[in-house]
Amino acid sequence: SVATLICFISVAAFADHVDELGHALRSDSSYKVRAQAAIVLGNIKDPRGVPLLLGALRDKEAAVRIVAASSLGKLGDPAALAGLRASMADVELPVRTAAGKATQPSSPSSSI
């Protein structure tokens, strides 16, 4: 819902909400809410988001997988490399592209 999305946008400044974001990322029925949770996890740059985002690389919706890959690139955690490399074989080209960009050290959205 729109109200839920607005709630997640306002959570961006509060890294102590990683658990709630993770719950939304794993289980919300709306792919838009799951994607927004992945965006916020990337923006707050909390390392606790890495395993959550790695799990989101297997989401049924390509949009969520794309955002998860991009957010992992922002986090720059070397622990994400294997998952990102696996996503470079995703059936969807935009997912493969986002995962590839996230693994490139010269990418502005990546520090891996």
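Me: In this predicted model, which side chains meet Arg65 or Asp90 in a salt bridge?

Reply: Good place to start! The side chains of Arg65 and Asp90 meet each other in a salt bridge, at 2.8 Å from N to O. The two partners sit 25 residues apart and link distant parts of the chain: Arg65 belongs to helix H5, while Asp90 lies in the loop between helix H6 (81-87) and H7.

Me: Are Arg65 and Asp90 buried or exposed?

Reply: Both Arg65 and Asp90 are buried.

Me: How many salt bridges does the model have?

Reply: The count comes to three salt bridges. One of them joins the side chains of Arg34 and Asp59, again with an N to O distance of 2.8 Å. Arg34 is in helix H3 (residues 31-44) and Asp59 is in the loop between helix H4 (49-56) and H5, so this pair, 25 residues apart, links distant parts of the chain. Both Arg34 and Asp59 are buried. Another salt bridge brings together the side chains of Asp46 and Arg48, at 2.7 Å from N to O.

Me: Where do Asp46 and Arg48 fall, buried or exposed?

Reply: Here it helps to know the cut-offs: under 20% relative accessible area is buried, over 50% is exposed, and partly exposed is in between. Asp46 has a relative accessible area of 12%, so it is buried. Arg48 has 44%, which means that Arg48 is partly exposed.

Me: How do I read two helices that pack together?

Reply: The general idea is to describe two packed helices by the angle between their axes and the distance between the axes. Now try helix H5 (residues 62-75) and helix H7 (residues 93-103): their axes come within 8 Å and cross at roughly 5 degrees. That makes H5 roughly parallel to H7, because angles under 35 degrees count as roughly parallel.

Me: Which residues make the contact of H5 with H7?

Reply: From H5 come Ala62, Arg65, Ile66, Ala69 and Gly73, and from H7 come Pro94, Val95, Ala98, Ala99 and Ala102. Sorted by class, the contact has eight nonpolar residues, one polar and one charged. You have already met Arg65 in the salt bridge with Asp90.

Me: What about helix H2, which of its residues are buried?

Reply: In H2 (residues 18-27), the buried residues are Val18, Leu21, Gly22, Ala24 and Leu25. Looking down the axis of H2, you would find these buried residues within an arc of 165 degrees, so they line one face of the helix.

Me: And which residues are exposed on the other side of H2?

Reply: There you will find Asp19, His23 and Arg26, which are exposed.

Terms used: Residues are numbered from 1 along each chain as its sequence is written. This is a predicted model: local features need pLDDT of at least 70, side-chain atom pairs count only at pLDDT 80 or more; totals for chains, interfaces and linings use all residues. Side-chain values use heavy atoms; hydrogens and water are left out. Axes are lines fitted to C-alpha atoms, for helices over the stretch in contact, and angles run from 0 to 180 degrees between N-to-C directions. Helices (H or I, at least four residues) and strands (E, at least two) are DSSP runs, numbered from the N terminus. Angles under 35 degrees count as roughly parallel, over 145 as roughly antiparallel, 65 to 115 as roughly perpendicular and the rest as oblique. Contact means heavy atoms within 4.5 Å. Ala, Val, Leu, Ile, Met, Phe, Trp, Tyr, Cys and Pro count as nonpolar, Asp, Glu, Lys and Arg as charged, and the others, Gly among them, as polar. Buried means under 20% relative accessible area, exposed over 50%, partly exposed in between (1.4 Å probe, protein chains only). The arc is that of the directions from the helix axis to the C-beta atoms. A salt bridge is a side-chain nitrogen of Lys or Arg within 4 Å of a carboxyl oxygen of Asp or Glu.
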